[in-house]
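Me: I have a chain to go through before setting up a calculation. Take my questions in turn and keep the replies short.

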Amino acid sequence: QVNLNININEPQFFDLSVPTGYVYITGGSLGIIVYRLSENEFVALERHSPYNVEDGCRVEVKSDGVIIEDPCSGSEWLIHDGSIVSGPTNFALTVYNTSFNDPYLYIYN
C-alpha cells in the first residue's frame, strides 16, 4: 500500500524543482523513484525490479537521467513512464498514481 504526501519545497526534494529532476524516496516495496515530467506532472515508479521478483533487485537511474536499470539482469526502462527499453524483462515498472497541488505531491495506489 502506497499513500505518501511530500512537500517538494523541502531540501531533500530539491532535484524535483525542475522538469527532468528525480529523487529516490522510501515507500512501496523497495523504494520509489519520483520524476518530474513537466511543470505539473510527476511520475512515481517502484524500484523493485519486475524481473525475477524473488531476487529483490532494486532498480536505479543511470547517469543519463533517462534510463532506469536493473543491475541484476541488465533490464532497462524509461524514466518517463516505466516502459521496457531492453533486457530479459517482460514487465514494465510499477507506476503509482500521483496528484500535484503545489507544493504537495501525493503518491498513491
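Me: How many bridges join strand S6 to strand S7, and how do the two run?
Reply: This is a predicted model. Strand S6 covers residues 67–69 and strand S7 covers residues 76–78. The two run antiparallel, and the bridges joining them number three.

Me: Which residue in S7 stands opposite Ile-68?
Reply: Ile-68 also belongs to a separate core of 10 residues, along with others including Ile-33. Its opposite residue in S7 is Trp-77.

Me: Which are the edge strands of the open sheet?
Reply: The sheet has four strands with antiparallel pairing, in the order S5-S6-S7-S8. An edge strand pairs on one side only. That applies to S5 (60–61) and S8 (84–86).

Me: Is Leu-78 buried, exposed or partly exposed?
Reply: Leu-78 has its place in strand S7. Beyond four places in sequence, it touches Leu-45, Val-66, Ile-67, Ile-68, Ser-83 and Val-85. Buried would need under 20% relative accessible area. Leu-78 has 27% relative accessibility, so the class is partly exposed.

Me: What separates the C-alpha atoms of Leu-78 and Gly-65?
Reply: Along the chain, Leu-78 and Gly-65 are 13 residues apart. In space, their C-alpha atoms are separated by 9.4 Å.

Me: Ser-75 is in the loop between S6 and S7. Is Ser-75 buried or exposed?
Reply: Not counting neighbours within four places in sequence, the contacts of Ser-75 include Tyr-51, Ile-68, Asp-70 and Pro-88. Its relative accessibility is 0%, so Ser-75 counts as buried.

Me: Which backbone nitrogen does the side chain of Ser-75 reach?
Reply: The residues in contact with Ser-75 include Ser-86, Gly-87 and Thr-89. The side chain reaches a backbone nitrogen at 3.3 Å. That nitrogen belongs to Thr-89.

Me: Which residues have the most contacts inside the largest nonpolar core?
Reply: In soluble globular proteins, nonpolar side chains tend to be buried together. Here the largest nonpolar core has 15 residues. Elements giving two or more residues to this core are S2 (22–25), S3 (32–36), S4, S9 and S10 (104–108). The residues with the most contacts inside are Leu-16, Ile-32, Val-34, Leu-105 and Ile-107.

Me: Which residues is Leu-16 in contact with, leaving aside neighbours within four places in sequence?
Reply: Leu-16 is one of the residues with the most contacts inside the largest core. Its partners are Ile-6, Ile-8, Gly-21, Tyr-22, Val-23, Val-34, Tyr-35, Arg-36 and Phe-42.

Me: The whole structure has three aromatic pairs. Why is the pair of Tyr-22 and Tyr-24 edge-to-face?
Reply: The ring centres are 5.9 Å apart. Planes over 60 degrees apart count as edge-to-face. For Tyr-22 and Tyr-24 the planes are at 75 degrees, so the pair is edge-to-face.

Me: Are Tyr-22 and Tyr-24 buried, exposed or partly exposed?
Reply: Tyr-22 has 24% relative accessibility. Tyr-24 has a relative accessible area of 36%. Partly exposed lies between 20% and 50%, so each of Tyr-22 and Tyr-24 is partly exposed.

Me: How many residues apart are Phe-42 and Phe-100?
Reply: Phe-42 and Phe-100 form a tilted aromatic pair, with 4.8 Å centre to centre and 55 degrees between the planes. Phe-42 is in S4 (residues 42–46) and Phe-100 is in S9 (residues 95–101). The pair links distant parts of the chain, and the separation is 58 residues.

Me: Are Phe-42 and Phe-100 buried or exposed?
Reply: The cut-off for buried is under 20% relative accessible area. Phe-42 has 7%. Phe-100 has 18%. So Phe-42 and Phe-100 are buried.

Me: Which ring does the charged end of Arg-47 sit over?
Reply: The charged end of Arg-47 is 3.9 Å from the ring centre. The ring is that of Tyr-24.

Me: Which residues does the cis peptide bond join?
Reply: Most peptide bonds are trans. In this one, omega is about 10 degrees. Pro-103, in the loop between S9 and S10, is one partner. The bond joins Asp-102 and Pro-103.

Me: What is phi of Thr-20?
Reply: Most residues other than glycine have a negative phi. Thr-20 lies in the loop between S1 (3–7) and S2, and is exposed at 55% relative accessible area. Its phi is positive, near 85 degrees.

Note on methods:
Residues are numbered from 1 along each chain as its sequence is written. This is a predicted model: local features need pLDDT of at least 70, side-chain atom pairs count only at pLDDT 80 or more; totals for chains, interfaces and linings use all residues. Side-chain values use heavy atoms; hydrogens and water are left out. Rings of Phe, Tyr and Trp (its six-membered ring) pair if their centres lie within 6.5 Å; planes under 30 degrees apart count as stacked, over 60 as edge-to-face and the rest as tilted. Buried means under 20% relative accessible area, exposed over 50%, partly exposed in between (1.4 Å probe, protein chains only). A charge sits over a ring if NZ of Lys or CZ of Arg is within 6 Å of the ring centre and within 35 degrees of the ring normal. Two strands pair if DSSP finds at least two bridges between them. A nonpolar core is a set of buried Ala, Val, Leu, Ile, Met, Phe, Trp, Tyr and Cys residues joined through side-chain atoms within 4.5 Å. Contact means heavy atoms within 4.5 Å. A polar contact is a pair of N or O atoms within 3.5 Å; within protein, one must be able to donate a hydrogen and the other to accept it, and residues adjacent in sequence count only if both atoms are side-chain atoms.
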